[in-house]
Structure formats: structure tokens, C-alpha cells
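I opened the notebook to log two look-ups, one on a ligand site and one on ring pairs.

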Amino acid sequence: MDLEIADGEFVVVMGTSGSGKTTLLNLIGGLDRATAGRLQVLGMDLAGLSEARLAQLRMVSIGFVFQEFNLLPELTLQENVALPLEGAGVARAQARRRADEALSRVGLTGLGPRFPDEVSGGQQQRAAIARAVVGERRLLLADEPTGALDSATGAQVMSTLRELCDSGVTAIVSTHNPANAEHADRVVRMQDGRIVETTAGGSRASGTDDAELRDAGARG
Ligand SMILES: Nc1ncnc2c1ncn2[C@@H]1O[C@H](COP(=O)(O)OP(=O)(O)O)[C@@H](O)[C@H]1O
Ligand SMILES: [Mg+2]
């Protein structure tokens, strides 16, 4: 495949089971290494990075979100979200303050002291998203983040991702659900490890792109 994703873009990757969505996300996130080809992430050639440097990149710059939320049950939401910062050496008090900021960005203001089993599935997933973007992290990779949620809750999670992209985060999100394309800038359809189609997502196809807004403004 040949794929270039811009800063701040929201890309949805669609495809049936086995089409290669997870493999693609794991390659971009440095969890797997490509055996061929060239892969640049955040300006860095991943093949040239040591394991230690890759681990550091994941800790500092890339956030992962999975289908099953993957929060640590014995930690509060705030502690879960603060973990990557503490792992990167940020002092605990500051890490927790920034965790609260990240929780607010995903609509969970005030829920920091709760434990994962004290909030809904949608709230757990939004906490996982807060953990993925806490601090300076601006590349978010989400592998079927709505797969364990009902469709209304899944749509809320996708809206949260959309808002984060509008504030500068880049998101690459795999999904089975065609409704999730509505929130994307671009939809990449995969089959057997290849891209078979690339289309504008709902947020681009809705007829309110920047040029049209400008034209509307010019017309008064
Ligand atoms: N660790 C692995 N080793 C070998 N083949 C794998 C591995 N992981 C996935 N695959 C294969 O790669 C293909 C793509 O899988 P995957 O990326 O998990 O697809 P998707 O996430 O779209 O369901 C499938 O044929 C799968 O069986
Ligand atoms: Mg998968």
C-alpha cells in the first residue's frame, strides 16, 4: 500500500476481518516492524529506530486505543490516564493535573476519582482515549474502538475522536461499522492487505469544506 496521512487528519480504515487493519495500525505504532517497504511516522523512519527508541516514541508521542478499553481496573480513571506521563518521567502531581485536563477534553470532567467498573463502557473508552492523547501525544491509533459498544455510544466515541482531530490530534481508526465513516476526513478500504478504495469521509462529503465556507462568507 501507499498511504500518506496529514497532520490533524481523521482517517477511518474499513475492511472485513483479516483484511489487515490491525497489522497496519501495529506497523504505524511501532508495535510490529515492517519486513519491507518504507514507513515514516511523525517524521521518523521507523526501520531505523532501535527497540528502545521505538518504545520511547510509543510512550511519548503515540496513543493506542483498543476494542476492550484496556484500563487497569485497580487504578482510578485519573491514575490510568496519568500513567503514560508518569512512565515518561513527569512528576506525579503534574501528571495527574494533565490527566484531569485530558479527561475534560473527552467530556469526563470530574470523573477522575472513579474506577473503571464504576463508569459506563462508553465512559471507559473515552478515558482510554484521554490516556491516548494525554500530554503532548498527538497521534492516536484506535483499533475497532467502537466494537464493544452499542451504536449510540459508539457514535459518541467517534464524535469525541472527531473533536480531538479538530483540535490538532491525528487519528487513524479501524472499524467494521460503515456508520463510523461519517466522522472521518478520509475512508480507506482494505482487502487482503491492500487498499482497494479511498473515499472522502462524512465530514468532508457533507458539503461544508473550508472552500465552500469561504465562498458562503464571500456571498455574505
Ligand atoms: N502475527 C501474525 N502472523 C502471521 N499472520 C498474521 C499475524 N497477525 C495477523 N496475521 C494475518 O494477517 C492478516 C491480517 O490480519 P489483521 O491485521 O489482524 O486483520 P484485521 O485487523 O483487518 O482483522 C490475516 O490474514 C491474519 O491471519
Ligand atoms: Mg483487527
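How do the residues of the shell around ligand 1 divide into nonpolar, polar and charged? I counted no nonpolar, seven polar and one charged. For these classes, Ala, Val, Leu, Ile, Met, Phe, Trp, Tyr, Cys and Pro are nonpolar, Asp, Glu, Lys and Arg charged, and the others, Gly among them, polar.

This is a predicted model, where local features need pLDDT of at least 70, side-chain atom pairs count only at pLDDT 80 or more, and totals for chains, interfaces and linings use all residues. Residues are numbered from 1 along each chain as written, chains are lettered from A and ligands numbered from 1 in written order, and side-chain values use heavy atoms, without hydrogens and water.

Ligand 1 site. I listed Thr16, Ser17, Gly18, Ser19, Gly20, Lys21, Thr22 and Thr23 around ligand 1 (a heavy atom within 4 Å). I then looked up distances to oxygen atoms of ligand 1: 2.6 Å from a polar side-chain atom of Thr23, 2.7 Å from a polar backbone atom of Gly18 and 2.8 Å from a polar side-chain atom of Lys21. The cut-off for such N or O pairs is 3.5 Å. On its own, ligand 1 has 560 Å² of accessible area, and the protein covers 39% of this (Shrake-Rupley, 1.4 Å probe).

Ring pairs. My search of the whole structure gave one aromatic pair. Phe64 and Phe66 are stacked, 6.1 Å centre to centre with 5° between the planes (centres within 6.5 Å; stacked under 30 degrees, edge-to-face over 60, tilted otherwise). Phe64 counts as buried because its relative accessibility is 16%, while Phe66, at 28%, is partly exposed (buried under 20%, exposed over 50%, partly exposed in between; 1.4 Å probe, protein chains only).

How values were computed
Polar contact = N/O pair within 3.5 Å; in protein donor to acceptor, adjacent residues only side chain to side chain. Phe/Tyr/Trp six-rings, centres within 6.5 Å; stacked < 30°, edge-to-face > 60°.
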